[in-house]
Amino acid sequence: MPRKKPNPHHRAARLALAALIPLVLAIAGWQWLQNHPEHNPWAPLDLDDPPGWATRAKLARLKADVSECRAVLERSDVAFTALAPTGEGPCARPDRTRLGDYPLAPDTPPVTCPVAAALEIWRRDSVSPAARRIMGSELKRIEHLGAFSCRRMYGGSDGPWSEHATANAIDIAAFVLADGRRISVLKDWNGAGPEARFLRAVREGACGSFATVLSPDYNAAHADHFHLDQDDRWAGVCR
Ligand SMILES: [Zn+2]
């Protein structure tokens, strides 16, 4: 039997199909992103969305835009007060944002808005779920050692200024649960029980929203606290 001559109409149809498939995939991908704003780098950040691939990049962009950062808090129904700017030189603080309904103790210090937004994501997506899952209790308080301190890194007389100099950082020492248990970084980090698992889970969780996360694994200066900051000089330290 002689081979059938290719039908030019079939060839055109195959070409049209080959062009159509990527288009259909692109439309499906676009629709999927519309339904998953947490993975969509173009969707405005809403802290009510679950954490996704685009969350950290969107949080990082807020570091350069205080008003957009505060708009994100408003959009996400996060209570906060914008305090007047203060300080000067390396300790000038044009952005002082105080969370209004956050379980920090002994007080709720003003921090930069990007730190406030990251704290909120961390509590919602990491600390509260880990308290339930690992400790079987609700989170009641997060104890901190301070946010603002006009100093250079490690209190030196030279070298780079600390993120604490602008309250773009906060040091977290312990977590108190609704059943009264207190989990402290100093006492419980090296244990084998659920407290140590909880502390590791929330350390890892902090890396999803903060630029820098330093724990006792980093060095002895962090044996009693987690240092969390939104540094934009180098991002991605998680240890
Ligand atoms: Zn610190």
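**Note on the predicted model: two domains and some local features**

1. The centres of domain 1 and domain 2, taken over C-alpha atoms, are separated by 37 Å. Domain 1 covers 12-43 and domain 2 covers 44-238. Where the two domains meet, eight residues of domain 1 and 11 residues of domain 2 take part in the contact. The model is a predicted one, and the points below should be read with that in mind.

2. On secondary structure, the protein contains six helices and nine strands. Its radius of gyration is 24 Å, well over the 18 Å that the globule rule gives for 239 residues, so the protein is more spread out than a compact globule. Along the principal axes, the C-alpha atoms fill a box of roughly 90 × 45 × 35 Å.

3. Of the 239 residues in the protein, 42% are buried. The exposed area comes to about 12,900 Å², with carbon and sulfur atoms supplying 56% of it. If contacts are restricted to residues at least 6 apart in sequence, 55% of them join residues at least 24 apart.

4. On charge, there are 30 positive and 28 negative side chains in the protein. The centres of these two sets lie 10 Å apart.

5. The loop between β3 and α4 deserves a look. Pro106 lies in this loop, and the peptide bond leading to Pro106 from Ala105 is cis, with omega near 5 degrees. Most peptide bonds are trans. The loop between β3 (104-105) and α4 (113-135) also holds Thr108. Thr108 has a relative accessible area of 17%, under the 20% cut-off, and is therefore buried. Residues up to four places away in sequence aside, Thr108 touches Arg98, Leu99 and Tyr102.

6. Two residues call for a check of the backbone. Most residues other than glycine have a negative phi. Asp77, however, has a positive phi, near 55 degrees, without being a glycine. Asp77 sits in the loop between α3 (66-75) and β1 (80-83). With a relative accessibility of 68%, over the 50% cut-off, Asp77 counts as exposed.

7. The second case is Ala167, which is not a glycine and yet has a positive phi of about 55 degrees. Ala167 is found in the loop between β4 (139-146) and β5 (169-177). Is Ala167 buried or exposed? At 0% relative accessibility, Ala167 counts as buried. Asp77, by contrast, counts as exposed.

8. Ser128 is placed in helix α4. Its relative accessible area is 11%, which is under 20%, so Ser128 is classed as buried. Which residues does Ser128 contact once its neighbours within four places in sequence are left aside? They are Arg123 and Leu139. As for a more remote pair, Ser128 and Ala220 are 92 residues apart in sequence, and their C-alpha atoms are 27 Å apart in space.

9. For a reader working through the model, the places to inspect are the cis bond from Ala105 to Pro106, the positive phi of Asp77 and the positive phi of Ala167. For the overall arrangement, the relevant values are the 37 Å between the domain centres and the radius of gyration of 24 Å.

Terms used:
Residues numbered from 1 in each chain as written. Predicted model: local features only at pLDDT ≥ 70, side-chain atom pairs only at ≥ 80, totals over all residues. Heavy atoms only, no water. Helix = DSSP H or I, 4+ residues; strand = E, 2+ residues; numbered from the N terminus. Rg over C-alpha atoms; globule rule 2.2 N^0.38 Å. Buried < 20%, exposed > 50% of the residue type's maximum accessible area, 1.4 Å probe, protein only. Contact = heavy atoms within 4.5 Å. Areas by Shrake-Rupley, 256 points an atom, 1.4 Å probe, with all protein chains shown as cover. Lys, Arg positive; Asp, Glu negative; His and termini not counted. Charge placed at Lys NZ, Arg CZ, Asp CG, Glu CD. Domains from an automatic or database assignment.
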